[in-house]
Amino acid sequence: MSIPLATAASGLVTDVIEFSAVDGPGNRFVVFLQGCNFDCLACHNPYTINLCNGCGVCVASCPSGALSLDDAGSVRWDAGVCTGCDTCIAVCPYDATPKAQQRPVTELMAQIRRAAPFLSGITVSGGEATQQPQFVESLFAAVKAELPRLTCFVDSNGGVEPDVWDALDPVMDAAMIDLKCFDDEIHQHITGASNAAVLASIERLAARGKLYEVRLLLMTGVNDADELLAETGRWLAGIDPTMRIKVIGYRAHGVRPSAVPLVEPTAEQREHYAAVLRTESPFELLVI
Ligand code: SF4
Ligand code: SF4
């Protein structure tokens with residue numbers, strides 16, 4: 001996946017949340033970027049995975065007439081008419097959205113500036129934000145230059161080349177990394193990609209003091225076996241025995257239908273996952 005339209009000056013943005021308490025420490029301005037290099041079974045925002053190909057299927061489905069096809073075969077979205085019903089997303093056969101827009105850094109900065117008195121920082125998420133590395137770098141650089149009090153975080157699937165982390169390092173405070181599974185075969189089954197780059201990202205960021213937390217999304221009977229969790233905990237403890245780990249129970253809301261329906265772990269199962277990890281190391285554990 002490459003994002004052909006993303007540059008240092010502007011990025012393909014799915015959405016923006018001005019105030020979020022769940023995307024890193026404190027109150028954060030979150031920029032969701034369109035496009036992902038993984039294709040996760042349990043993705044809660046599957047419409048952020050691919051880029052719109054202009055097929056036009058969604059245009060007729062819009063009850064508000066907010067969508068049209070231009071002469072170049074691209075879909076145009078009229079934000080002023082859109083009611084946010086998301087019918088277009090529901091009918092898109094390609095896990096895309098017609099509402100992703102090119103947003104200049106300057107325009108986002110104007111929005112961040114207005115919200116800044118109430119913010120702890122900004123987070124780029126997705127999709128996979130690191131698929132638009134130049135844009136992220138220049139957005140973070142603009143924040144650091146004008147609003148240095150705000151921290152700059154990346155929320156990532158970890159499938160990131162080392163040179164991208166190197167480029168972001170001077171302007172990025174920290175990253176939150178999803179580790180979908182320590183077993184590579186299972187990881188490939190649930191994401192479509194190897195976990196090699198994810199593990200390397202965790203090691204690289206931790207060595208630089210830029211790993212804020214690792215998230216473990218656990219699905220009953222898929223990636224939650226005790227021995228696998230213990231092995232995961234031992235590996236993470238070898239990197240940082242007090243690492244902050246968020247144990248997240250899979251939730252079905254928003255995911256695509258799966259050939260084999262995924263099962264949500266119970267509250268007791270989620271606490272059991274944390275207990276297994278705790279036997280390996282005194283991690284800072286959060287269970288949600
Ligand atoms: S958003 Fe989906 S359905 Fe609509 S034009 Fe793009 S690819 Fe086709
Ligand atoms: S969310 Fe999509 S379908 Fe609904 S009004 Fe907006 S453009 Fe139309």
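These legends walk through several close-up views of a predicted model.

**View 1. Two domains in one chain.** Start with the overall layout, since the later views zoom in on parts of it. The domain assignment splits the protein chain into domain 1, which covers 10-48 + 100-287, and domain 2, which covers 59-91. How far apart are the C-alpha centres of domain 1 and domain 2? The answer is 30 Å.

**View 2. The surroundings of ligand 1.** Here we look at ligand 1, which has 13 residues around it. Cys52, Asn53, Cys55, Cys58 and Cys92 are the closest of them. What kinds of residue make up this shell? Nine are nonpolar and four are polar, while no charged residues take part.

**View 3. The surroundings of ligand 2.** Now for the other ligand: 14 residues surround ligand 2, and the closest are Cys62, Cys82, Cys85, Asp86 and Cys88. Sorted by class, the shell holds eight nonpolar, four polar and two charged residues. Two of the closest residues deserve a second look. Cys62 is buried because its relative accessible area, 17%, falls under the 20% cut-off. Asp86 has a relative accessibility of 36%, so this residue counts as partly exposed.

**View 4. Two aspartates with positive phi.** Stay with Asp86 for a moment, which sits in the loop between β4 (75-77) and α1 (87-91). Its phi is near 65°, a positive value in a residue that isn't glycine. Move on to the loop between α1 and β5 (101-104), and you'll find Asp95. Asp95 isn't a glycine either, yet its phi is positive too, at about 55°.

**View 5. The largest pocket.** This view opens onto a space of about 980 Å³, the largest pocket. Its lining takes in 39 residues, and those closest to the pocket centre are His44, Asn45, Asp155, Asp178 and Arg215. Which elements give two or more residues to this lining? They are the strands β6 (121-126), β7 (151-156), β9 (211-218) and β10 (244-249). Of the elements, β9 gives the most, with five residues. By class, the lining has 16 nonpolar, twelve polar and eleven charged residues.

**View 6. A cis peptide bond after β6.** Here's a small backbone detail: the peptide bond running from Gly126 to Gly127 is cis, and its omega is near 15°. Where does Gly127 sit? Look for Gly127 in the loop between β6 and α3 (133-146).

**View 7. Cysteines without disulfides.** With several cysteines on show in the earlier views, how many disulfides does the count give? It comes to zero. Take Cys43, which is in no disulfide: its nearest cysteine sulfur belongs to Cys40 and is 6.4 Å away. A disulfide needs two cysteine sulfur atoms within 2.5 Å, so that pair does not qualify. Cys43 itself is buried, because its relative accessibility of 17% is under 20%.

**View 8. Thr242 and Ser281.** The last close-up shows a pair that sequence alone wouldn't put side by side. Thr242 and Ser281 are 39 residues apart in sequence, but their C-alpha atoms are 7.0 Å apart in space. To find Thr242, go to the loop between α7 (226-239) and β10. Is Thr242 buried or partly exposed? With a relative accessible area of 47%, Thr242 is partly exposed.

Definitions and conventions
Residues numbered from 1 in each chain as written. Chains lettered and ligands numbered in written order. Predicted model: local features only at pLDDT ≥ 70, side-chain atom pairs only at ≥ 80, totals over all residues. Heavy atoms only, no water. Near = heavy atom within 4 Å. Nonpolar A, V, L, I, M, F, W, Y, C, P; charged D, E, K, R; others polar. 1 Å grid on protein atoms, 1.4 Å probe; cavity = no way out; pocket = protein on both sides within 12 Å on 5 of 7 lines; lining within 4 Å. Points joined across faces, edges and corners; volume = space filled by probe spheres on them. Helix = DSSP H or I, 4+ residues; strand = E, 2+ residues; numbered from the N terminus. Domains from an automatic or database assignment. Buried < 20%, exposed > 50% of the residue type's maximum accessible area, 1.4 Å probe, protein only.
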